[in-house]
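Got your viewer open? Let's take a walk through this one together, one selection at a time.

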Amino acid sequence: MSSVTTSPGKPSLGSISAGRKIKDRLVQGFVYLAFALAVIPLVSVLWTVLSNGVKRLDADFLGHSMNGVSGRDTGGGAYHAIIGTLEQVAIASAIAVPIAVLTAVYLVEYSGGGRLGKVISFFVDVMTGIPSVVAGLFVLALWLLTFDFGFSGFAGALALTILMIPTVVRSSEEMLKLVPNELREASYALGVPRWRTILFVILPTALTGMVTGIMLAVARVMGETAPLLLTIFFTKAINTDPFKDPQGSLPSFIWEQAKDPNQNSIDRAWTGALVLILIIMVLNLAARLIAGRRAPSGR
Amino acid sequence: MAKRIEVSGLHAYYGGTHAIEDISMTIEPRSVTAFIGPSGCGKSTFLRTLNRMHEVIPGARVEGKVLLDDEDLYGSSVDPVAVRRVVGMVFQRPNPFPTMSIYDNVAAGLKLNGVRRKSQLDEVVEESLQGANLWNEVKDRLGKPGAGLSGGQQQRLCIARAIAVQPQVLLMDEPCSALDPISTLAIEDLIGKLKGQFTIVIVTHNMQQAARVSDRTAFFNIAGTGKPGKLIEIDDTSKIFTNPEQKATEDYITGRFG
């Protein structure tokens, strides 16, 4: 049975050749290697931040600001920065997500490859490439210098909005494109108008993927430093009003603490980084839970 | 409930492509009319012109008249959305809404058009599922997702969804081509039952199916690739399958070409 006959017209089910087995092993090895290479930096970053940051992750850190605390002192915390980051990102999301999702809906459902759609698509691509510091400079020039508003959390949120919109448009667009056309037709065939089809059939179908895209964008802007330095400025004190006076933020807190030569400051910087990662993780999990609950349960 | 459809001088285009040419026919109420013909001959395109689904495709347009009991579907003041409420459609592949439960799928047409009264919805859902011979199989799991049903059940769910909005006409585009013989039989039985209530038009590649379920049969053909599809003849099903007027019809039915 194992002999391989090569007579034409009589193909036989021979065993896999040694060459193919070797190639199979080799490629398998490369895939594992590539996986390891991708995971090593991730694990390394997480481990470094965790091991360095965990020692200052205490009630003091989460409940106090840096008001009156100098670089050499122990204690002090990032309460003002956590408040600032949460407020700024919440405002940025509240502005950016509706605009971006509506843009994506227009591009996929309404433009039909038209001229306006192409122009919007082009500018979204251009916006994706804007360096974050330029977004900060833009808000600085327009909001702070031209309109003469002061430094505030809201100005920072505007800069983050500019960075968030293009990424959310792109990811939402991809998700909406994945919704099978058959569902649109099924809905139209029931005499459902297009806007209701979009609202009650298409968006719920794409929801899970869109939430993932939005969370990635949130995670990205939450770590932005440069645009915030130009718009929210610095403060060591707690400022819960995002519309007035400089506000803290976690990225700028980390940046400020890390450049101080004192070990106590550097410890605070690590813990700030850890808190930032934790906030992003919690938001991600929460978003997934909410999106998962909306879908009907399994069979 | 059911309405007569009269089509005269209908042409359909996809951009610059002439898809079907000069079709005229009358489709009788409370009967089943089957469309047969080789692939690409315009049966499905023609079917989609009957509820203005053709124009959903970018660049597609229609010329000619489709009268539904003397009302022109393509009149300038007619809302295509309203047309589709009167002329329902079932597609080739079962396409229940994946985010909705069985109940919500059937209620979708009403809910999405603003009906909110629970008692009314309950009634329509049960009636429609019974109408689609699916009630007994799903009555204990109405809250489960529609996508969890088998292919044949999904297609009956789609039929239930289509009849829940109480259309006058039901268009079916190869409703059994993705189903096994048992499910096909279930759908065919259902078509026989539904024709007492609706005007039914079915596109099929299965000539035995056309012979089994339809009262009248229309044969479509195409002169060659790139040429528009044409209606060759329409007559009582028994006549088409035993003694058709046209040679082309006889050739197709007896399997001598295509």
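Why does the radius of gyration of chain B agree with that of a compact globule? With 258 residues, a compact globule would have a radius of gyration near 18 Å, and chain B has 18 Å, so the two agree. (The radius of gyration is taken over C-alpha atoms, and the globule rule is 2.2 Å times the number of residues to the power 0.38.)

Before you click further, some ground rules. This is a predicted model, where local features need pLDDT of at least 70, side-chain atom pairs count only at pLDDT 80 or more, and totals for chains, interfaces and linings use all residues. Residues are numbered from 1 along each chain as its sequence is written, while chains are lettered from A and ligands numbered from 1 in the order in which they are written.

**Stop 1: all of chain B**

Select chain B and switch to cartoon view. You should find ten helices and ten strands. (Helices, H or I with at least four residues, and strands, E with at least two, are DSSP runs numbered from the N terminus.) The C-alpha atoms of chain B fill a box of roughly 55 × 45 × 30 Å along the principal axes. Of its 258 residues, 48% are buried. (A residue is buried if 20 or more other C-beta atoms lie within 10 Å of its own, exposed if 12 or fewer, and partly exposed in between; C-beta atoms are placed from the backbone.)

**Stop 2: strand 7 of chain B**

Now select residues 169–173 of chain B, which are strand 7. Five of the five residues are buried, so the strand is largely enclosed by the rest of the structure. Which residues sit on each side of strand 7 of chain B? Val169(B), Leu171(B) and Asp173(B) lie on one side, Leu170(B) and Met172(B) on the other, and all are buried.

Next, add the neighbours. Strand 6 of chain B (residues 87–90) pairs with strand 7 of chain B in the parallel sense over four bridges. (Two strands pair if DSSP finds at least two bridges between them.) Look for Met89(B), whose bridge partner in strand 7 of chain B is Leu171(B). Strand 8 of chain B (residues 199–203) also runs parallel to strand 7 of chain B, joined by five bridges; there, Val169(B) stands opposite Thr199(B).

Add helix 7 of chain B (residues 181–194) too: together with strands 7 and 8 of chain B, this helix makes a right-handed β-α-β unit. (Right-handed means that, with the strands pointing away from the viewer, the path from the first strand over the helix to the second runs clockwise.)

**Stop 3: helix 3 of chain B**

Jump to residues 102–111 of chain B. Nine of the ten residues in this helix are buried, so helix 3 of chain B is largely enclosed by the rest of the structure. The buried ones include Ile102(B), Tyr103(B) and Leu110(B). They pack against helix 4 (118–131), helix 5 (135–138) and helix 6 (151–164) of chain B.

**Stop 4: a hairpin in chain B**

Select residues 216–222 and 229–236 of chain B. These are strands 9 and 10 of chain B, which run antiparallel and are joined by seven bridges. Ile222(B) has Gly229(B) as its bridge partner. The two strands form a hairpin with six residues between them, and Gly226(B) in the turn has a positive phi of about 85 degrees.

**Stop 5: chain A**

Time to swap chains. Chain A has eleven helices and zero strands. A compact globule of 299 residues would have a radius of gyration near 19 Å, but chain A has 26 Å. Its C-alpha atoms fill a box of roughly 90 × 55 × 40 Å along the principal axes, and buried residues make up 36% of the 299.

Colour chain A by pLDDT, the predictor's confidence in each residue from 0 to 100. The average is 90, and 94% of the residues score at least 70. Among the elements of chain A, helix 11 (residues 263–294) has the lowest mean at 90, and helix 3 (residues 79–110) the highest at 96.

Then zoom in on residues 250–258 of chain A. This is helix 10 of chain A, mostly covered, with seven of its nine residues buried; among them are Phe253(A) and Ile254(A).

**Stop 6: where the chains meet**

Finally, show both chains. How many residues of chain A are in contact with chain B? The count is 19 residues of chain A in contact with 27 residues of chain B. (Two residues are in contact if their C-beta atoms, placed from the backbone, lie within 7 Å.) Helix 7 (181–189) and helix 8 (194–222) of chain A each supply at least two residues of the side that touches chain B. Helix 7 of chain A gives the most, with six residues.
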